[in-house]
Amino acid sequence: MSATTADSPCRSIPCVAGSALGARFSYESDRIGCLGRWAAEYGDVFRFGVRTVVINSPDLVQRVLSNTNKQFLAATPLVEHLHTSSSENLELWMRGRRQGRRGIHPDAVLDCTARLNDALRRGLAECAGRPTALAAAAERVCGRAAVDICLGADASAFYTLIARASLDILAFNQTLHPPLWGSRRRRARAVAAEVEVSDRLMGLIALRRAAGALDDQDMISILLRQDNPLPDKAAAAMIRIALIGGHSTPGAALAWIIRELAARPDITARVRMEALDSRDSKGDIQVAELRFTAALVKEMLRLYPPTWMLAREAREPVDLGPWSLEAGTRVLFSPYLMHRDVRWWDQPDVMRPERWLGASAPHTPNAYLPFGAGPRMCMGSRLGMDMLTLAAAHLTADYLIDVREPASEKLHPDILLVPQRTQMMLTRHQGATASIAPADHG
Ligand code: HEM
């Protein structure tokens with residue numbers, strides 16, 4: 001990939017027919033369907049709306065992702081001093097990533113498996129025994145575990161704040177879907193939520209420093225006890241993004257997993273057997289022993305990637321293969337579409353965890369992107385995988401799952417892909433099988 005020059009080869013990018021506003025309205029009524037139809041009609045690269053280009057080819061997407069921070073920008077936090085479009089802040093962010101990864105990587109965090117087991121068991125027990133919205137319950141289970149890993153002992157006090165702030169922060173995403181209306185109010189709420197979480201984290205950092213309490217095994221202490229620690233504001237930003245990212249995204253993935261387990265007693269039985277076989281006397285499950293369950297998680301992240309759409313912005317004029325992008329072009333690409341493309345996968349619409357058990361990857365290179373790729377790839381990918389695998393294991397070991405959803409349930413993703421109107425009931429296991437049934441309400 002190179003910066004555009006006057007004589008570089010350049011094909012004009014096909015544009016979705018009709019007005020920009022008309023295309024946007026069609027898109028808003030059925031985001032996934034529209035992108036799929038446009039890709040079929042216009043090919044792997046097309047324009048949609050003003051300065052927006054959609055890419056649907058693994059190679060081109062990989063080029064964009066690996067050039068992030070150079071020719072392309074990732075979405076940035078809203079709060080001014082954290083804006084990674086400035087080179088200085090970008091450098092700080094990348095240093096924070098290197099340090100912060102240690103704080104959330106299961107191999108580096110002491111007792112990570114025991115803590116995850118404990119947090120997930122408690123989270124599931126809290127949801128059991130009453131009908132509850134599936135997405136919210138799954139988010140709570142994962143969110144509590146992520147907050148524990150990031151903040152350790154202070155976790156429970158922070159959880160409610162993170163859950164509330166995530167709603168406001170995720171409701172405003174100007175890179176992915178610039179709001180058509182109500183943007184000022186939503187932006188203000190998102191900024192206020194980011195500021196509130198940052199302020200509380202700054203307070204926590206100050207307390208930890210004052211008490212000299214930096215030995216803990218959590219992201220916050222690990223960031224603060226580095227030889228060349230980040231400035232407090234940057235450390236708080238890092239932790240804030242990890243808390244928000246570790247709350248809603250794995251929660252969305254867990255919701256799809258629970259829904260599938262309820263619908264597939266055969267798969268549930270296999271996951272349960274693996275869980276019971278690897279459970280120790282304390283009730284902890286070793287994630288390394290859950291081979292089939294991990295394959296199920298990968299398959300569900302393929303079929304329902306929570307971050308179903310990712311975005312970058314061209315910092316400068318860029319040639320992308322035969323295509324030329326102007327500076328400021330928003331580049332969108334959808335892991336959801338890529339994961340279901342028959343050119344890159346065998347029978348992509350079929351749920352088949354076994355495809356992940358072979359010796360080689362079951363897809364064309366770069367066609368599997370649940371965690372993104374390149375320098376801004378998810379920092380919590382290993383933690384997220386372990387969390388989901390263990391959650392599925394504990395769930396099937398201890399509970400019967402009953403899931404109900406309206407027969408008309410349609411995918412309408414926003415920033416995340418979530419089963420929005422599905423209800424769940426977990427009941428302590430007594431040997432019966434799980435079920436999925438249509439709800440009697442609309
Ligand atoms: C199944 C679980 C998860 C999925 C599917 C997921 C997915 C993603 C994706 C796709 C991105 C990249 C977005 C982009 O390229 O624009 C991302 C970024 C990020 N994720 Fe995750 N994530 C998961 C779990 C977690 C967890 C558990 C944490 C931390 C506790 C976390 C922390 C982060 C952070 C900090 C970033 C921002 C990285 C940066 O901008 O440099 N994620 N995640």
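A polar contact is a pair of N or O atoms within 3.5 Å. In this predicted model, one such pair joins an oxygen atom of the ligand to an N or O atom in the side chain of Arg 376, at 2.8 Å. The briefing begins with the ligand and its shell, passes to the strands, one of which contributes to that shell, and then takes up the aromatic rings, the charges placed over rings, and two arginines in helices.

**The ligand and its shell**

- The ligand is surrounded by 22 residues, and the closest of them are Trp 93, Arg 97, Arg 312, Arg 376 and Cys 378.
- Besides Arg 376, two other arginines from that list place polar side-chain atoms beside ligand oxygen: for Arg 97 the separation is 2.7 Å, and for Arg 312 an N or O atom of the side chain is 2.8 Å from an oxygen atom of the ligand.
- Sorted by class, the shell around the ligand holds 13 nonpolar residues, 6 polar residues and 3 charged residues.
- Four elements each supply at least two residues of this shell, namely helix H4 (87-104), helix H10 (232-263), strand S6 (310-314) and helix H14 (381-398).
- Among the contributors, H10 provides the largest share of the shell, with 6 residues.

**Strand S6 and its partners**

- Strand S6, which supplies at least two residues of the ligand shell, has 4 of its 5 residues buried, so it is largely enclosed by the rest of the structure.
- Strand S4 (residues 72-74) runs antiparallel to S6 and is joined to it by 3 bridges; within this pairing, Phe 72 has Ala 314 in S6 as its bridge partner.
- S6 is also joined to strand S9 (residues 330-333), again in the antiparallel sense, by 4 bridges, and here Glu 313 has Arg 330 in S9 as its bridge partner.

**Strands S5, S10 and S11**

- Strand S10 (residues 399-405) pairs with S11 in the antiparallel sense over 6 bridges, and the bridge partners in S11 include Leu 426 for Ile 401 and Met 425 for Asp 402.
- S10 is mostly covered, with 5 of its 7 residues buried.
- S11 (residues 423-428) also runs antiparallel to strand S5 (residues 132-133), to which it is joined by 2 bridges; in this pairing, Ala 133 stands opposite Gln 423 of S11.

**Aromatic pairs and a cluster**

- A pair of aromatic rings is described by the distance of the centres and the angle of the planes.
- Across the whole structure, a search finds 8 aromatic pairs.
- In one of these, the rings of Trp 38 and Phe 48 have centres 5.0 Å apart and planes at 45°, and the pair is therefore tilted.
- Because Trp 38 lies in helix H2 (residues 31-42) and Phe 48 in the loop between strand S2 (45-47) and strand S3 (52-55), this pair ties together parts that are 10 residues apart in sequence.
- Both members of this pair, Trp 38 and Phe 48, are buried.
- The rings of Tyr 42 and Phe 46 also form a tilted pair, because their centres are 6.2 Å apart and their planes lie at 40°; Tyr 42 and Phe 46 are both buried.
- These four residues, together with Tyr 27, form one aromatic cluster.

**Charges over rings**

- The charged end of Arg 302 sits over the ring of Trp 345, at 5.2 Å from the centre of that ring.
- Arg 340 lies over the face of Tyr 304, and here the distance to the ring centre is 5.3 Å.

**Two arginines in helices**

- Arg 272 has its place in helix H11 (residues 265-278), and with a relative accessibility of 23% Arg 272 counts as partly exposed.
- Although 123 residues separate Arg 272 from Leu 395 in sequence, their C-alpha atoms are 8.2 Å apart in space.
- Arg 185 lies in helix H8 (residues 183-211), and its relative accessibility of 64% means that Arg 185 counts as exposed.
- Arg 185 and Phe 172 are separated by 13 residues in sequence and by 9.6 Å in space, taken from C-alpha to C-alpha.

Key
Residues numbered from 1 in each chain as written. Predicted model: local features only at pLDDT ≥ 70, side-chain atom pairs only at ≥ 80, totals over all residues. Heavy atoms only, no water. Near = heavy atom within 4 Å. Polar contact = N/O pair within 3.5 Å; in protein donor to acceptor, adjacent residues only side chain to side chain. Nonpolar A, V, L, I, M, F, W, Y, C, P; charged D, E, K, R; others polar. Pairing = 2+ DSSP bridges. Phe/Tyr/Trp six-rings, centres within 6.5 Å; stacked < 30°, edge-to-face > 60°. Buried < 20%, exposed > 50% of the residue type's maximum accessible area, 1.4 Å probe, protein only. Lys NZ or Arg CZ within 6 Å of the ring centre and 35° of its normal.
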